[in-house]
Amino acid sequence: MSQSTSRCKEQHPCTLEDLGWTKEHDAAFSKYAGPYLAGRVACRQKTVWDVLVDGGSVTAGVSGALRKIGRFPAVGDFVVLLNQPEAGTSMIVDILPQKTRFARGTPGREGADQVIAANIDTVFIVTAAGRDLNARRIERFLAITHASGACPVVVINKSDLADDPVALADEITSISPGIPVIPISAVSGEGVDRLDPYLSPRTTIALIGSSGVGKSTLINRLVGRPVQATSHTRDYDDRGRHTTTVRQLFVLAGGALMIDNPGLREVGIGTASAGIADTFPDILELAEGCRFSDCRHEEEPGCAVQAAVADGTLSASRLNSFHRLMRELAFERDKEEIGLVRLEKKRWKEIGKIARDFAKTKGR
Ligand SMILES: Nc1nc2c(ncn2[C@@H]2O[C@H](COP(=O)(O)OP(=O)(O)OP(=O)(O)O)[C@@H](O)[C@H]2O)c(=O)[nH]1
Ligand SMILES: [Mg+2]
């Protein structure tokens, strides 16, 4: 069992229960005996995984069988390890069923979901007072969080830089009905105790947000010592420097488990519509009053959603955001169904037809 290169060895030894192991895991693991060992993935560095096990940690590779079917453990996964004392290493041979799966649609070409972390109870969507505070970005993060099955909490960090942190929280509450919005300062500690209800022992929280919003600073405060590097934000554009490059699970001083993530530049919403439905409950409720059940809330007569925009009950930018995410969802689904190349051909045909129709009208 190789222990020397593991970054996890800096963490206090935990039992499997401390790491969130439950009766369901016991049942799933019961078919293994002898040299097999259970653990939870704390970190992945390319082809090496750091796994927390009962009383310590090991570094491990992944078995050829898992590699062959393209199954790679994510941070937060509970895994089965085969101890290979003769080789001085461990091998991950199985991944136990995931309670939740936090993924983002890849902005890249193939569009497959990218698992950010597994078995997450709560996601802290971290934003910061200043330029990062963007309702549209938060809606996008909310959609992927809802789709994962985890509960979202919006954390507005750097409240020490805001004139009126409560007003900022109110602004965000209006676009996230029913979601807790908590202003804090990870540097001064102001408001951090309001996160306590989400930090009970053995629960797993993932931090997501742009680079520089203070995710690692918050982790350091909650672990109680500087376990993660942090870096000064560039003054001129308020953006971070992508200081954290590897996602890692930490055990907090109070016994909760928290995953620090690199700053996310782009988040695709993938193919799950549930995330969008849960992010826009106000629009779905209004839609029940539309004349047509398949109303797209664009220019249809009798549209209750457009009527709410007209009378100021619903903001036009929130409806635009809903439309943008729905279009993205439709694109991702088409892509999954018919493949990217055929989809692009189909789209070009459609664009060609629109151009020809337009030319005809002009020629008339
Ligand atoms: N004023 C103020 N600055 C903060 C606060 N929290 C973090 N910072 C500063 O913001 C900068 C970026 O913090 P990090 O913790 O590295 O940010 P991050 O979100 O982990 O960034 P990445 O790792 O790049 O994703 C550092 O200079 C922190 O000191 C806060 O509450 N108030
Ligand atoms: Mg960081």
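Student: In this predicted model, where does Lys-158 lie?
Tutor: The backbone at Lys-158 stands out, with a positive phi of about 60 degrees although the residue is not a glycine. Most residues other than glycine have a negative phi. As for its place in the fold, Lys-158 lies in the loop between β9 and α4.

Student: Is Lys-158 buried or exposed?
Tutor: The cut-off for buried is under 20% relative accessible area. Lys-158 has 19% relative accessibility, so it counts as buried.

Student: Which residues does Ser-159 touch, leaving out those up to four places away in sequence?
Tutor: Ser-159 lies in the loop between β9 (151-157) and α4 (165-173). Its relative accessibility is 9%, so this serine counts as buried. Its contacts are Pro-165, Pro-183, Ile-184 and Ser-185.

Student: Arg-202 also has a positive phi although it is not a glycine; is Arg-202 buried, partly exposed or exposed?
Tutor: The phi of Arg-202 is about 75 degrees. The residue is found in the loop between β10 (181-183) and β11. Its relative accessible area is 44%, and the range between 20% and 50% is the intermediate class. Arg-202 is therefore partly exposed.

Student: Which protein atoms are donors of the magnesium ion (ligand 2)?
Tutor: The donors lie 2.0 to 2.1 Å from the ion. Two residues supply them, and the atoms are Ser-216 (OG) and Thr-244 (OG1).

Student: How many residues apart in sequence are the parts that this pair ties together?
Tutor: Ser-216 lies in helix α5 (residues 215-223). Thr-244 is in the loop between α5 and β12 (248-251). The pair therefore ties together parts whose separation in sequence is 28 residues.

Student: What are the relative accessible areas of Ser-216 and Thr-244?
Tutor: Buried means under 20% relative accessible area. Ser-216 is buried, and Thr-244 is buried as well. The values are 8% for Ser-216 and 13% for Thr-244.

Student: Why is α5 described as largely enclosed by the rest of the structure, and how many of its residues are buried?
Tutor: The buried residues of α5 are Lys-215, Ser-216, Leu-218, Ile-219, Asn-220, Leu-222 and Val-223. The helix is largely enclosed because the buried share of its nine residues is seven.

Student: Which strands do the buried residues of α5 pack against?
Tutor: The helix is followed by Gly-224, whose phi is positive, near 95 degrees. The packing partners of the buried α5 residues are four strands: β8, β11 (204-208), β12 and β13 (257-260).

Student: What is the volume of the largest cavity?
Tutor: The count of cavities of 30 Å³ or more comes to one. The volume of the largest cavity is about 40 Å³.

Student: Which elements each supply at least two residues of the lining of the largest cavity?
Tutor: The lining consists of Ile-125, Val-126, Thr-127, Asp-132, Asn-134, Arg-137, Ile-138, Phe-141, Gly-209 and Ser-210. These residues divide into four nonpolar, four polar and two charged. The elements that each supply at least two of the lining residues are β8 (122-128) and α3 (135-148).

Student: How far apart in space are Thr-279 and Ile-175, C-alpha to C-alpha?
Tutor: Thr-279 lies in helix α6 (residues 273-279). It is buried, with a relative accessible area of 2%. Thr-279 touches Glu-139, Leu-142, Ala-143, His-146, Ile-175 and Arg-318, with residues up to four places away in sequence left out. Thr-279 and Ile-175 are 104 residues apart in sequence, and their separation in space is 8.5 Å.

Student: What is the C-alpha to C-alpha distance between Asp-278 and Ala-143?
Tutor: Asp-278 lies in helix α6. With 41% relative accessibility, Asp-278 counts as partly exposed. Asp-278 and Ala-143 are 135 residues apart in sequence, and the distance in space is 7.2 Å.

Student: Among contacts in the chain between residues at least 6 apart in sequence, what percentage join residues at least 24 apart?
Tutor: The chain has 10 helices and 13 strands. Of its 364 residues, 47% count as buried. The share of these contacts that join residues at least 24 apart is 64%.

Student: What percentage of the area that the chain exposes do carbon and sulfur atoms supply?
Tutor: The chain exposes about 18,500 Å². The part supplied by carbon and sulfur atoms is 52%.

Methods: Residues are numbered from 1 along each chain as its sequence is written. Chains are lettered from A and ligands numbered from 1 in the order in which they are written. This is a predicted model: local features need pLDDT of at least 70, side-chain atom pairs count only at pLDDT 80 or more; totals for chains, interfaces and linings use all residues. Side-chain values use heavy atoms; hydrogens and water are left out. Buried means under 20% relative accessible area, exposed over 50%, partly exposed in between (1.4 Å probe, protein chains only). Contact means heavy atoms within 4.5 Å. Donors are N, O and S atoms within 2.8 Å of the metal (3.2 Å for Na, K and Ca); water is not among the atoms, so sites may look incomplete. On a 1 Å grid over the protein atoms alone, a cavity is a set of points where a 1.4 Å probe fits but cannot get out, and a pocket is an open set with protein on both sides within 12 Å along at least five of seven lines; lining residues have an atom within 4 Å of a point. Grid points are joined across faces, edges and corners, and a volume is the space filled by probe spheres set on the points. Ala, Val, Leu, Ile, Met, Phe, Trp, Tyr, Cys and Pro count as nonpolar, Asp, Glu, Lys and Arg as charged, and the others, Gly among them, as polar. Accessible areas come from the Shrake-Rupley method with a 1.4 Å probe; for residues, only the protein chains shown count as cover.
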